[in-house]
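Me: I'm new to this structure and would like a close look at a single part of it, the pockets. Could you walk me through them, with enough of the surroundings to get my bearings?

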Amino acid sequence: MSDAFLTAQGVNVSLGSRAVLHDISLSLSPGHLVALVGPNGAGKTTLLRALAGLVPATGSIEVGGRALASLSLRQRARRFAYLPQGHIVHWPLPARDIVALGRYPHGATDPARLSPRDAEAVARAMQAADVVEFADRRATELSGGERSRVALARVLATEAPVILADEPTSSLDPRHQLDVMQTLRKAADSGVLVIVVTHDLGLAARFADRVLVMSAGKLVSQGKPVEALSEQVLADVFRVTAYRAEHDGEALIVPWADI
């Protein structure tokens, strides 16, 4: 893609003596929500971490036309907002202060002394993630689902051009799963490149512009949801058949039976 913002070419990752990623190449553009799917152990989380420079990798990765390896940690933190899987908050801080940590890459080191610009970014993020009501509550007193939404707000507050979210809906009830995906969809519509790891093929089909399918550390299929998640791919990679339909003009894919 000529307008690609994040590219990878021939990326390989080994953890210890085990090869985890094999010759991954991709080219992703701003303003897209990309769903990264695959069976357990396929390498999805490792790929997210490699793209952000959080694990050593061979090959080349570029973001915004610059080699990832040439960027300082602060520069990377401004380009990538990373939401890890199973995010756990250990500090008994007000939720607002947790969200304000998203401004750290911009120099905001004290949540109690935010600049007007930083305070506005935090307020927008809390509104977008629907956590305003938790602002003064200690994060450790929130439910797991509530903490997940606060963590999402922290990511949004960074206002990075790339959001990497690893299973952001895994601990949420159905309503808030939809809320989170709609929030990420809005971020993509505003020009952000959003990459979401998910095991929910239905959410991937409905909200993603593009789906990347991984299996055994390799990228085996990519494209629009209905193309990337073809019957053959579902059979070969996931060992399932699926029910396919449309609802309100959106694709519906529901895993239906194992093979």
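Reply: Let's start from the outside: the accessible surface of the protein comes to about 12500 Å², and carbon and sulfur atoms own 50% of that. Keep in mind that what you're looking at is a predicted model. Turning inwards, buried residues make up 45% of the 259 residues. The C-alpha trace spans about 55 × 40 × 35 Å along its principal axes. For a chain of 259 residues, a compact globule would have a radius of gyration near 18 Å, and the protein has 18 Å, so the two agree. You'll find 9 helices and 12 strands in there. Among contacts with a separation of 6 or more, 63% are between residues 24 or more positions apart.

Now for the pockets. The largest pocket has a volume of about 430 Å³. It is lined by 16 residues, and the ones closest to its centre are Ala 77, Phe 80, Tyr 82, Pro 105 and Arg 154. Three elements give two or more residues to this lining: helix H2 (73-79), strand E6 (80-83) and helix H5 (144-158). H2 gives the most, with 4 residues. By character, the lining of the largest pocket splits into 10 nonpolar, 3 polar and 3 charged residues.

The second largest pocket has a volume of about 320 Å³. Here 18 residues form the lining, with Arg 124, Ala 128, Leu 156, Thr 183 and Ala 187 closest to the centre. The elements that give two or more residues this time are helix H4 (116-128), H5 and helix H6 (174-189). H6 provides the largest share, 5 residues. This lining divides into 11 nonpolar, 3 polar and 4 charged residues.

Did you spot H5 in both lists? It gives two or more residues to the largest pocket, and it does so for the second largest pocket as well. That makes it a handy place to zoom in. Take Ser 148, which sits in helix H5. Is Ser 148 buried or exposed? Its relative accessibility is 16%, and the cut-off for buried is under 20%, so Ser 148 counts as buried. Beyond its neighbours within four places in sequence, Ser 148 is in contact with Ser 171 and Leu 172.

Next, hop over to helix H4, where you'll find Ala 125. With just 3% relative accessibility, Ala 125 counts as buried too. Which residues does Ala 125 touch, if you skip those up to four places away in sequence? They are Val 99, Ala 153, Leu 156 and Ala 157. Leu 156 may ring a bell: it was one of the residues closest to the centre of the second largest pocket. For a sense of distance, Ala 125 and Val 196 are 71 residues apart in sequence and 18 Å apart in space, C-alpha to C-alpha.

One last stop, for a look at how a helix gets covered. Helix H9 (residues 231-238) has Val 233, Leu 234, Ala 235 and Val 237 as its buried residues. Their cover includes helices H7 (201-207) and H8 (225-228). Strands join in as well, among them E9 (210-215), E10 (218-223), E11 (240-247) and E12 (250-258). Right after H9 comes Arg 239, with a positive phi near 60 degrees.

Technical notes. Residues numbered from 1 in each chain as written. Predicted model: local features only at pLDDT ≥ 70, side-chain atom pairs only at ≥ 80, totals over all residues. Heavy atoms only, no water. 1 Å grid on protein atoms, 1.4 Å probe; cavity = no way out; pocket = protein on both sides within 12 Å on 5 of 7 lines; lining within 4 Å. Points joined across faces, edges and corners; volume = space filled by probe spheres on them. Nonpolar A, V, L, I, M, F, W, Y, C, P; charged D, E, K, R; others polar. Rg over C-alpha atoms; globule rule 2.2 N^0.38 Å. Buried < 20%, exposed > 50% of the residue type's maximum accessible area, 1.4 Å probe, protein only. Contact = heavy atoms within 4.5 Å. Areas by Shrake-Rupley, 256 points an atom, 1.4 Å probe, with all protein chains shown as cover.
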